[in-house]
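Colleague: I'd like to learn how to read a few features off a model like this one. Can we go through it together?

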Amino acid sequence: MAQLEARNLHTSYGLSRVLFGVSFEVEQGSCIALIGRNGVGKTTTMRSLIGLTPPSEGEVVWEGRQIAGLAPHTVAKLGIGFVPEDRRIFPELTVWENLDIARRPAEPGRQAWGEDEVFDLFPDLKDIQSRAGGVLSGGQQQMLTIARSLMGNPRLLLLDEPSEGLAPRVVETLRERVRTLKESGLSIVLAEQNLGFVLALSDTCHIMEKGEIVYSGTPDHLRENRDVLDRHLTL
Amino acid sequence: MDSLIQFAQQDLGNPGLAALLSNPSFAFIQLMNSFSQAMNLFIIAAGLSLIFGVLRVINFAHGAFYMFGAYIVYSVAQEWTGNFWLGVAAAGLGLAVMAVVIERGLFQYIYDKEHLMQLLLTFAVVLILSDVAKIIWGTDQYSVSYPASMKGAVDLGVTFYPTYRLFLIVVGPAIAIGLWLFTERTRFGRLTRAATQDREMLSALGVNVPIIYTGVFILGSVLAGIGGGLAAPFNSPTPGMDATIIVDCFVIVIVGGLGSIWGSFIGAIIYGLVFNYGSVIVPNWQDVFPFLILLAVLLVRPWGLFGKPEGGNA
């Protein structure tokens with residue numbers, strides 16, 4: 001059984017419908033990618049999963065349990081970490097405080113994330129612990145927002161556009177950090193427009209268009225079928 | 001100096017100003033009165049400011065909470081036990097219970113609503129509570145004795161000054177520091193600051209934000225209750241005392257900057273100084289002072305002394 005299963009998600013913001021029946025599965029420890037242009041529904045899919053914008057129709061099954069419609073804090077406590085597109089660091093809290101407020105104990109027997117482990121993964125954050133979140137660079141904020149969700153000891157990470165607006169070298173570092181996380185057994189749902197990032201990390205790619213998944217395949221398959229990419233991703 | 005006093009007395013015809021200039025201990029007493037009044041107001045205003053800072057709700061019922069604090073002290077200290085401190089503790093506890101009922105029962109439903117809706121609901125609570133108070137305590141004016149250990153006055157060298165009012169001057173800064181430590185140094189305080197900045201993100205991190213809101217509402221309301229309790233010996237519990245205090249508190253909180261503890265602290269001191277010295281110099285203008293302060297600050301800094309401009313990021 002898949003760890004996370006999205007079944008036929010329909011989601012709207014008020015009267016404007018954004019998702020039209022999105023379905024996919026995430027196996028424990030795997031990384032699936034949602035790719036597509038701006039506005040196709042990647043972020044809305046993420047928000048539907050964490051519960052910030054609950055789907056009006058469809059199911060989200062997490063470790064065998066129906067979680068669509070639960071409050072975001074309940075979903076988060078069940079083991080899903082959310083790394084939003086715009087990072088949403090608390091600007092007036094220090095780096096350490098941003099981490100501290102997200103702290104939640106791991107399940108017994110699992111290796112737990114605390115600030116020491118987080119600083120091992122993102123050493124840059126350690127030196128700026130007492131700096132306010134609002135003054136960090138884009139790269140530092142992205143590291144912090146991932147680190148922050150790790151403090152809650154999730155078993156799956158919703159990673160929305162992590163490479164957006166970052167310099168290529170920072171993106172490269174970030175990709176290696178995310179790879180480390182994946183190799184540690186963390187499942188990942190990755191929404192990205194940076195194709196290199198996606199092809200390097202994901203096990204399955206889903207291309208979205210107008211609120212639907214229009215293509216699913218492995219990264220290798222995508223590499224061999226550039227026409228699919230050209231059709232769906234170029235403007 | 002003598003010519004100045006004479007100028008005040010004869011040319012300006014202002015005996016109050018002349019007394020301030022000629023009598024140092026009289027001037028000093030006004031200073032101490034300013035501080036003791038300011039510190040009592042600060043305790044109440046800080047609660048209002050804290051609640052607005054986190055919940056973004058302007059709670060007009062805060063004045064009624066203060067009035068209930070004063071009445072509870074009267075009942076517990078004066079009528080039942082004779083122990084003033086027990087009365088103040090009961091006022092704090094009573095307001096905590098009222099806060100839970102009102103926040104869970106009513107206010108939690110209006111956080112996402114427009115301001116007018118919030119205004120109407122909190123105002124409805126004001127009307128209900130003032131009638132409830134009349135049902136319980138009637139319309140009499142009650143007097144509450146000073147605590148036994150704090151009757152009399154202390155010799156400050158320049159002059160004698162009432163012990164209880166000195167106590168208020170000390171307790172205000174203690175509460176300010178306590179509140180500051182709470183928001184800066186405790187995890188619950190950090191969570192409240194995070195909730196102020198991005199409520200949705202905080203919930204996505206697994207934090208049950210409504211519980212934080214309830215906690216902050218309790219804390220702010222307990223401050224109103226304790227403030228009312230401590231005021232009872234010199235502000236006799238009586239109907240209508242809620243309306244007076246809420247105006248003073250709004251002036252202080254807006255002058256200091258909504259949501260800022262130290263802003264309320266400084267705002268309260270400015271209020272105390274202007275009110276007390278102003279009352280001596282131009283007694284007829286007493287009722288106008290709060291609004292003059294408000295006007296002066298709003299003209300220069302519309303967001304208050306310690307506040308931040310609306311929409312501005314840190």
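Modeller: Sure, and keep in mind that this is a predicted model. To start with, helices and strands here are DSSP runs, numbered from the N terminus, with at least four residues for a helix and at least two for a strand. With that naming, A:Lys210 lies in the loop between β9 (204-209) and β10 (212-217) of chain A.

Colleague: What is the phi of A:Lys210 near?

Modeller: The general idea is that most residues other than glycine have a negative phi. In A:Lys210, phi is near 45°, a positive value in a residue other than glycine. Another case is A:Arg88, with phi near 50°, in the loop between β6 (80-83) and α3 (95-100) of chain A.

Colleague: Is A:Arg88 buried or exposed?

Modeller: You count C-beta neighbours inside 10 Å, and 20 or more makes a residue buried. A:Arg88 has 20, so it counts as buried. A:Lys210 has 13, and therefore counts as partly exposed.

Colleague: Let's go to a helix. How many residues does α12 of chain B have, and how far does the helix reach?

Modeller: In general, an α-helix has 3.6 residues a turn, so residues three or four places apart point the same way. Helix α12 (residues 261-281) of chain B has 21 residues and spans 30 Å from first C-alpha to last, close to the 30 Å expected. Its buried residues include B:Ile261, B:Ser264, B:Ala268, B:Tyr271 and B:Phe275.

Colleague: Which helices do the buried residues of α12(B) pack against?

Modeller: They pack against α3 (24-55), α7 (163-185), α11 (241-256) and α13 (289-300) of chain B.

Colleague: Why does B:Gly263 count as buried?

Modeller: Because B:Gly263 has 25 C-beta neighbours inside 10 Å. This glycine sits in helix α12 of chain B. Leaving aside neighbours within four places in sequence, its contacts include B:Gly256, B:Gly304 and B:Phe306. Its C-alpha is also 8.9 Å from that of B:Ala46, although the two are 217 residues apart along the chain.

Colleague: And how many residues are in the largest nonpolar core?

Modeller: That core has 144 residues, and B:Ala45 and B:Ala268 are among those with the most contacts inside it, as are A:Leu158, B:Ile44 and B:Val73. The element that gives the most to this core is α3(B), with 15 residues. Take B:Ala45: not counting residues up to four places away in sequence, this alanine touches B:Ser264, B:Gly267 and B:Ala268, along with B:Cys249, B:Ile252 and B:Val253.

Definitions and conventions:
Residues are numbered from 1 along each chain as its sequence is written. Chains are lettered from A and ligands numbered from 1 in the order in which they are written. This is a predicted model: local features need pLDDT of at least 70, side-chain atom pairs count only at pLDDT 80 or more; totals for chains, interfaces and linings use all residues. The expected span of a helix is 1.5 Å times one less than its number of residues. A residue is buried if 20 or more other C-beta atoms lie within 10 Å of its own, exposed if 12 or fewer, and partly exposed in between; C-beta atoms are placed from the backbone. Two residues are in contact if their C-beta atoms, placed from the backbone, lie within 7 Å. A nonpolar core is a set of buried Ala, Val, Leu, Ile, Met, Phe, Trp, Tyr and Cys residues joined through C-beta atoms within 7 Å.
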